[in-house]
Structure formats: structure tokens, C-alpha cells
Amino acid sequence: MLSPIGFRTQFFIGLVTLLILSAARADYLLGPNDLIDITVYGNEDLATETRISDSGKITFPLLGEIEVGGLSVGEAETRIGTLLSGLGYVRDPQVNIRVQEYRSHEVAVLGFVNKPGRYALDTASTVTQLIALAGGVTPQGDDRTIVTRTRDGRTYREELNLKELLEDGKTSEDIVAEHGDVIFVPRAPVFYIHGEVQHPGAYRLERNMSVAQAISLGGGVTPRGSLRSITIKRKSADERLTTLDADLDELIEKDDVIYVGERWF
């Protein structure tokens, strides 16, 4: 049970959160296909639920067509209120707009996340916040995230390293998402290990991983295995496959195939 002080603290935190959220909603820029609910205090007959047209307009009682696309929620409230009072319909109108469906500002979060799909930008959101909204990265997902965006007819990509952003405190390098962005989490790089190891197979490649660490992930060598008989098959830049003799300190690369051979005696 919460103490009176604890209750007051929890209430205060909740109130501050609500105020911040309300302010963010007021700054939201309205756009085509957003569904909004408009009320005017004391004038229930003016209550309207409407979807913004492709041209950014709505139809409102007494006023007809009004352009609200590109306005923030607060600016749209002011515009409607000014028109109502200026035309003599309502004295000192208190207009409230609530966005019921955010459709004009969306991003796609795809790839190895738990809940891929399209997400509305109802507030200013960063790439990491949207990935969290999509349920986070799956165990097969990479530390890298690729953001593809189109601006002024040109498409370009930006890459983020989630591990560095979150674990190394580089949050200032996070990207604020914008309408139309595609956030993609690729599959994590893997390596393969087989031969005389307990659990051969494919494993996630971590940064600066050595052969010794790779063998450990594979459960260690079998009684017949030899740590002096290790080779790596690796693709070169021109896609040619080469075979290298490796020691335990060798750093492995994406798609390396590690083979642990048998003892000679």
C-alpha cells in the first residue's frame, strides 16, 4: 500500500507525464486521412467527427470547408475559434480537437523486430523509440538499424548502431523519425562452426569475437578434437573462398566457416 507521500509522488509524476503528452499532441501537425473529433464548449450541436481530406480540408458546421492540413492541433483549434467568433456565431469559443486516428504521419518498422508494421508518428519519436514500440529487436536481429528516407525526390540511407546508442550512451546520435521513413533491422551476421565441437551450427557473430570464443559457443571441442587443427573458410572481397589456418586468438568475420579437426593421436 502506498504511503501518502508515495501516493502524492506517483500522482505528481502521472500529472507531469499527462501534461507533457498533452503538449506533444497539441504540437502534432494535422494531415490527410487523420480522423479528428472537434468540440466547442457549450455548443454540443457543433460537435463534429471528420476525416481530413487529401487536400487538407474538413467541413465544419456553419463554416463550411476549412483548411487545417499542415497546422498543429493547437493552431487548428485557434483557426476554428477565430472563424466562429469573427463571423458572430459563438462568443469566445473554446474549441478542442482530439485526434482519433493518426494516419498522415507514419513510418514502417520492418525486419527482425517482434512486431513489424506501420506506426503513427503521433508525437516526435526517435528511431530507437519506434523500435521499442515495435516490441524490440528479436534475438536474430542485428545491432545495426538502417533508416531509408526520401527527401526532395532523393532517397538516401542512414545507419545507426543500437548497441552504441543504448549501451555506450550515444543517444545524441539517435535520429528523429519523419513521415515516410522505413526503419529496417537486418538479420545479425553469423558464423558457422563444425567438425569436432559439441554443438556445430550457425551462431550470432558478436563484435571482436575470437576463434576461442566461437568454439566456446559451440560447446567446446569433443574428446577427439584438437585446438591445433583449426581452419577457417572465408570469402574475400571478390567473393573467392579461401582457407586459412587459424589460432585461438584469430578474430572471425561474417559468414566464416570454422572447422575444428581431429587429434592425430
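1. Gly195 stands opposite Val260 in strand 15, and Tyr192 stands opposite Val257 in that strand. These positions belong to the pairing of strand 11 (residues 190-195) with strand 15 (residues 257-262), which is parallel and runs over four bridges. Strands here are DSSP runs of E with at least two residues, helices are runs of H or I with at least four residues, and both are numbered from the N terminus. Two strands are said to pair if DSSP finds at least two bridges between them.

2. The model is predicted: local features need pLDDT of at least 70, side-chain atom pairs count only at pLDDT 80 or more, and totals for chains, interfaces and linings use all residues. Residues are numbered from 1 along each chain as its sequence is written, and side-chain values use heavy atoms, with hydrogens and water left out.

3. Strand 15 also pairs with strand 13 (residues 225-235), here in the antiparallel sense and over five bridges. Within this pairing, Ile258 of strand 15 is the bridge partner of Ile232. Strands of a sheet pair through backbone hydrogen bonds, in either a parallel or an antiparallel sense.

4. Both pairings fit into an open sheet of five strands, ordered 12-11-15-13-14, with mixed pairing. Its edge strands are strand 12 (201-204) and strand 14 (241-245), each of which pairs on one side only. From one strand to the next the twist averages 25° (axes are lines fitted to C-alpha atoms, for helices over the stretch in contact; angles run from 0 to 180 degrees between N-to-C directions).

5. Leu87 lies in the loop between helix 2 (73-86) and strand 5 (95-101). Is Leu87 buried or exposed? Leu87 is exposed, because its relative accessible area is 54%; buried means under 20%, exposed over 50%, and partly exposed in between, with a 1.4 Å probe and protein chains only.

6. Leu87 also joins Leu62, Leu83 and Tyr89 in a nonpolar patch on the surface, with about 380 Å² of accessible area together. Patch residues have over 30% relative accessible area and no salt bridge; nonpolar side chains (Val, Leu, Ile, Met, Phe, Trp, Tyr) are joined within 5 Å, like charges within 9 Å. A salt bridge is a side-chain nitrogen of Lys or Arg within 4 Å of a carboxyl oxygen of Asp or Glu. Accessible areas come from the Shrake-Rupley method with a 1.4 Å probe, and for residues only the protein chains shown count as cover.

7. For the protein chain as a whole, the secondary structure comes to five helices and 15 strands. Of its 265 residues, 35% count as buried.
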